[in-house]
Amino acid sequence: MIKKTSGVFIQSFTSQTIIHSPRTGNNIFLNETASAIYHAVGDGIYIENLIVGIASEYNVAPEDIKNDIYKTVELLLSEGILIDEL
């Protein structure tokens, strides 16, 4: 299950979100789709459910966006913006 990390500074604009990583000090710029992924995590979600939810929101097949979602989640995990709780 992946969850949002607490204490992260977030600034949302019309089509983009900027998140400051307290772990690395980097500012991460998320486009509209990556922002949707981040916000869909909520208080915690399994990656499979995240893929299905985002696919449904954008009206695409889950297998068509699975790799992009994994890449986005991996970036957010590496920056400490999301955590993976087993």
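**Exercise 1. Find where Glu79 sits in this predicted model, and work out whether Glu79 has a salt bridge.**

Step 1: Start with the place in the chain. Glu79 belongs to the loop that links α3 (62-78) to β5 (82-84).

Step 2: Look at what surrounds Glu79. Setting aside residues within four places in sequence, Glu79 makes contact with Ser21, Arg23, Thr24, Asn26 and Ile28.

Step 3: Check for a partner. A salt bridge needs a side-chain nitrogen of Lys or Arg within 4 Å of a carboxyl oxygen of Asp or Glu. For Glu79, the nearest side chain of opposite charge is that of Arg23, and it is 7.1 Å away. The result: Glu79 is buried yet has no salt bridge.

**Exercise 2. Count the salt bridges and say which parts of the chain Glu85 and Lys3 tie together.**

Step 1: Recall the general idea. Side chains of opposite charge can pair when their charged atoms come close.

Step 2: Apply the cut-off. The count comes to one salt bridge. Glu85 forms a salt bridge with Lys3, and their closest N and O atoms are 3.6 Å apart.

Step 3: Place both ends. Lys3 is in strand β1 (residues 2-4) and Glu85 is in the segment after β5, so this pair ties together parts that are 82 residues apart in sequence.

Step 4: Check how open the two residues are. Glu85 is partly exposed, at a relative accessible area of 36%, and Lys3 is partly exposed too, at 26%.

**Exercise 3. Describe the surroundings of Tyr38 and of Leu50.**

Step 1: Take Tyr38. You'll find Tyr38 in helix α1 (residues 32-41). Buried means under 20% relative accessible area, and Tyr38 has 2%, so Tyr38 is buried.

Step 2: List what Tyr38 touches. Not counting residues up to four places away in sequence, Tyr38 touches Lys4, Ile10, Ile19, Leu30, Leu76, Ile81 and Leu82.

Step 3: Now take Leu50. Leu50 is part of helix α2 (residues 47-58), and with a relative accessible area of 1% Leu50 is buried. Beyond neighbours within four places in sequence, Leu50 is in contact with Ile2, Ile37, Ala40, Val41, Ile45, Ile69 and Val73.

Step 4: Use Thr17 as a reference point. Between the C-alpha atoms of Tyr38 and Thr17 there are 9.4 Å, with their positions 21 residues apart along the chain. For Leu50 and Thr17, 33 residues apart along the chain, the C-alpha separation is 18 Å.

**Exercise 4. What is special about the phi of Asn59, and is Asn59 buried or exposed?**

Step 1: Here's the background. Most residues other than glycine have a negative phi.

Step 2: Compare with Asn59. Its phi is near 55°, a positive value in a residue other than glycine.

Step 3: Add the setting. Asn59 is in the loop between α2 and α3, and with 72% relative accessibility Asn59 counts as exposed.

**Exercise 5. Sketch the overall build of the protein.**

Step 1: Count the elements. There are three helices and five strands, and along the sequence they run β-β-β-β-α-α-α-β.

Step 2: Judge the packing. The radius of gyration is 12 Å, close to the 12 Å that the globule rule gives for 86 residues, so the protein is as compact as a globular protein of that length.

Step 3: Look at inside and outside. Of the 86 residues, 34% count as buried. The protein exposes about 5300 Å², with carbon and sulfur atoms supplying 50% of that area.

Key: Residues are numbered from 1 along each chain as its sequence is written. This is a predicted model: local features need pLDDT of at least 70, side-chain atom pairs count only at pLDDT 80 or more; totals for chains, interfaces and linings use all residues. Side-chain values use heavy atoms; hydrogens and water are left out. Helices (H or I, at least four residues) and strands (E, at least two) are DSSP runs, numbered from the N terminus. Buried means under 20% relative accessible area, exposed over 50%, partly exposed in between (1.4 Å probe, protein chains only). Contact means heavy atoms within 4.5 Å. The radius of gyration is taken over C-alpha atoms; the globule rule is 2.2 Å times the number of residues to the power 0.38. Accessible areas come from the Shrake-Rupley method with a 1.4 Å probe; for residues, only the protein chains shown count as cover. Lys and Arg count as positive and Asp and Glu as negative; His and the chain ends are not counted.
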